[in-house]
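Please open the structure in your viewer and keep the selection tool at hand, since this tour moves from one selection to the next. Each stop names what to pick and then describes what is there.

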Amino acid sequence: MSCFITFEGPEGSGKSTVLTAVAARLAETYPVITTREPGGIRISEAIRELLLDEKNDMDYRTEALLFAASRRQHLVEKVLPALSEDKLVLCDRFIDSSLAYQGFARDIGIEEILKINEFAIESHFPDLTLYLRVAPEVGLSRIAANNRAMNRLDKEALEFHERVCAGYDQLADKYSERIHIVDASRPIEEVIESAYNIIIKKLK
């Protein structure tokens, strides 16, 4: 069976780590591919470089449109073909990132960003979304502790990251049937186990 599963959360929530670990476990039973946004394919990776380069002082609506353009190409070139082959697609970020970051934190408006992205993805929303919830100061401290390179969004003020989290909380309420909250402040092994169990329950 095909299933489109996305992993969401603020910077430093552990999305990539959890996704990788969960994908490895699922691959023992199911055909799985992993991917990311922005990115996943050549065109979208090129757009990613533009979006995350700290030298680019970008208009907020330009930023939103670039994310949507990257998403469209990634969807039609990678995600939909995999789903048509009955694979599980695990994606690090998707539409909810745009709604939380550009819609809420950038104050463009969730509904405005939703319209742009509905044009980009048509009806192809995720089947399941895991929201790895963690306080912004915790996530940012993890990035610093791990010596991960800071990108343009990482370097935003703490208030911006607090608004990102508030945006995600609103989305979790709005799309409660699709979005499942995972407490990402816990030890990583526990977060991985919770995420895996939520997915298995969905698949069964």
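Begin by selecting C91, which is buried, with a relative accessible area of 0%. Keep in mind as you look that this is a predicted model. The sulfur of C91 lies 13 Å from the closest cysteine sulfur, which belongs to C3, and that is too far for a bond, because a disulfide requires two cysteine sulfur atoms within 2.5 Å.

Next, select C165, which is in no disulfide either, as its nearest cysteine sulfur, that of C91, is 19 Å away. C165 is also buried, with a relative accessible area of 7%. A search of the whole structure finds zero disulfides.

Stay with C165 and now add its surroundings, for this residue of α7 takes part in a contact in which P136, E137 and L140 of α6 meet L158, H161, E162 and C165 of α7. The residues of this contact divide into four nonpolar, one polar and two charged. If you display helix α6 (residues 136-145) together with α7, you can follow their axes, which come within 9 Å and cross at roughly 120°; the two helices are therefore oblique to each other, and α6 passes α7 in a right-handed crossing.

Finally, select helix α4 (residues 95-105), where 11 of the 11 residues are buried, among them I95, Y101 and F104. Which elements cover the buried residues of α4? The cover includes the helices α3 (60-84), α5 (110-121) and α7 (158-174), along with the strands β1 (3-8), β4 (128-133) and β5 (179-183). Just after α4, select D107, which takes a positive phi of about 65°.

Conventions
Residues numbered from 1 in each chain as written. Predicted model: local features only at pLDDT ≥ 70, side-chain atom pairs only at ≥ 80, totals over all residues. Heavy atoms only, no water. Buried < 20%, exposed > 50% of the residue type's maximum accessible area, 1.4 Å probe, protein only. Helix = DSSP H or I, 4+ residues; strand = E, 2+ residues; numbered from the N terminus. Contact = heavy atoms within 4.5 Å. Axes fitted to C-alpha atoms, helices over the stretch in contact; angles between N-to-C directions. Parallel < 35°, antiparallel > 145°, perpendicular 65-115°, else oblique. Left-handed = near helix turned anticlockwise from the far one by under 90°. Nonpolar A, V, L, I, M, F, W, Y, C, P; charged D, E, K, R; others polar.
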